[in-house]
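Here is a friendly walk through one structure, from ring pairs to the sheet and a single serine. Please keep the model open beside you as you read.

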Amino acid sequence: MSTFALRARTALVDGHEVFYREAGDPAAPTLVLLHGFPASSHMYRGLMAELADAYHLVAPDHLGFGASAAPDPAGFPYGFEKLTEITLGLLDGLGVDRFALYLHDYGAPIGLRIASRHPERITALVTQSGNAYQEGFTPFWDVLFAHARDRAAHEPAVRELLTPGATRWQYVHGVPADRLDRLSPETWTLDQAGLDRPGNKEIQLQLFWDYQFNLDAYPVFQEYFRTHRPPLLAVWGRGDEIFGPAGAEAFARDLPDAEIHLLDAGHFALETHGEEIADLVRDFLGRHAR
């Protein structure tokens with residue numbers, strides 16, 4: 001089999017099955033791709049195919065997402081600290097010691113915990129709607145932060161974010177009319193199938209609640225940027241109504257050399273601007289990920 005082929009694999013981490021996609025030559029520089037809500041490593045299928053000739057690519061599904069295990073939240077402590085621990089356990093088990101990170105949405109607080117705690121392992125950062133600053137939050141978050149303060153009162157409203165209409169909206173919002181035909185309905189259909197599994201909505205509600213503690217880590221992430229100066233590429237949808245473009249521009253405050261590109265896209269910019277993003281990532285990693 002060609003080393004460029006996309007492979008579907010599973011590893012056991014802390015007793016839990018973690019699904020991951022892998023492509024490229026393991027001897028090449030590694031890029032670890034961390035997905036967000038409500039997606040999975042499926043979101044990186046096109047980018048991995050584009051970059052597999054030059055890079056070793058590893059894209060896991062977080063526990064509770066995609067094809068990874070989804071342990072009962074009654075007995076498993078879902079939170080971003082735990083997802084970070086599982087991700088790092090996977091990378092250590094695979095022998096991935098130095099790597100660049102591609103961060104989207106939930107992938108940002110997971111990946112930036114890893115980067116800030118193990119800066120010597122990080123070659124570069126790519127962020128696509130992967131927030132690390134207060135400026136990135138939009139009114140979309142009002143109900144989620146209200147839920148963090150009072151779960152019982154706001155749970156009905158937050159559950160609306162787990163419905164088919166809300167999942168589809170995450171893909172179509174902010175996309176210009178001439179790019180809508182690049183969206184494939186299997187993306188939101190697959191994501192919704194994951195959300196509709198028995199017990200999965202309770203997993204997502206717990207992660208929604210736990211998200212508030214990521215903000216407490218932002219000063220740590222920002223100090224990591226200032227101290228270690230990791231090369232950073234931000235490729236962000238200008239029309240993203242979940243993490244607004246101000247979140248991308250904010251990286252320049254602590255990383256003056258950050259390369260920031262605002263695309264005419266929404267939250268899932270890879271679906272509509274995959275070629276442009278692949279070109280930017282290839283050029284960026286060619287200069288920094290060695």
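## Aromatic pairs

The model shown here is a predicted one, and it holds 27 aromatic pairs. One of them joins Tyr44 and Tyr102 in an edge-to-face arrangement, with 5.2 Å centre to centre and 75 degrees between the planes. Tyr44 sits in the loop between S3 and helix H1 (45-51), while Tyr102 belongs to strand S5, so this pair ties together parts that lie 58 residues apart in sequence. Both Tyr44 and Tyr102 are buried.

A second pair to look at is Tyr171 with Trp188: the ring centres are 6.0 Å apart and the planes stand at 55 degrees, so the pair is tilted. Tyr171 is part of helix H6 (residues 164-172) and Trp188 of helix H7 (residues 186-195), so parts 17 residues apart in sequence are tied together here. Tyr171 is buried, with a relative accessible area of 3%, and Trp188 also counts as buried, at 15% relative accessibility. Trp188 has a charged partner too: the charged end of Arg168 sits over its ring, 5.3 Å from the centre.

## The sheet and a helix across it

Now for the strands. An open sheet is formed by 8 strands, in the order S1-S2-S4-S3-S5-S6-S7-S8, with mixed pairing. Its edges are strand S1 (7-13) and strand S8 (259-263), each of which pairs on one side only. On average, neighbouring strands of this sheet are turned by 20 degrees against each other, direction ignored.

At the S1 edge, S1 and strand S2 (residues 16-23) pair in the antiparallel sense over 7 bridges. To find one of these by eye, start at Arg9: its bridge partner in S2 is Tyr20.

Helix H12 (residues 269-288) lies across several strands, namely strand S3 (30-34), strand S5 (99-104), strand S6 (122-128), strand S7 (232-237) and S8. Relative to S6, helix H12 runs at about 160 degrees.

## A close look at Ser116

Is Ser116 buried or exposed? Ser116 has 18% relative accessibility, and buried means under 20%, so Ser116 counts as buried. Its place is in helix H3 (residues 107-117).

Within the chain, the side chain of Ser116 reaches two backbone oxygens: that of Leu112 at 2.8 Å and that of Arg113 at 3.3 Å. Leaving aside neighbours within four places in sequence, Ser116 is in contact with Val220, Phe221 and Tyr224.

Methods: Residues are numbered from 1 along each chain as its sequence is written. This is a predicted model: local features need pLDDT of at least 70, side-chain atom pairs count only at pLDDT 80 or more; totals for chains, interfaces and linings use all residues. Side-chain values use heavy atoms; hydrogens and water are left out. Two strands pair if DSSP finds at least two bridges between them. Helices (H or I, at least four residues) and strands (E, at least two) are DSSP runs, numbered from the N terminus. Axes are lines fitted to C-alpha atoms, for helices over the stretch in contact, and angles run from 0 to 180 degrees between N-to-C directions. Contact means heavy atoms within 4.5 Å. Rings of Phe, Tyr and Trp (its six-membered ring) pair if their centres lie within 6.5 Å; planes under 30 degrees apart count as stacked, over 60 as edge-to-face and the rest as tilted. Buried means under 20% relative accessible area, exposed over 50%, partly exposed in between (1.4 Å probe, protein chains only). A charge sits over a ring if NZ of Lys or CZ of Arg is within 6 Å of the ring centre and within 35 degrees of the ring normal. A polar contact is a pair of N or O atoms within 3.5 Å; within protein, one must be able to donate a hydrogen and the other to accept it, and residues adjacent in sequence count only if both atoms are side-chain atoms.
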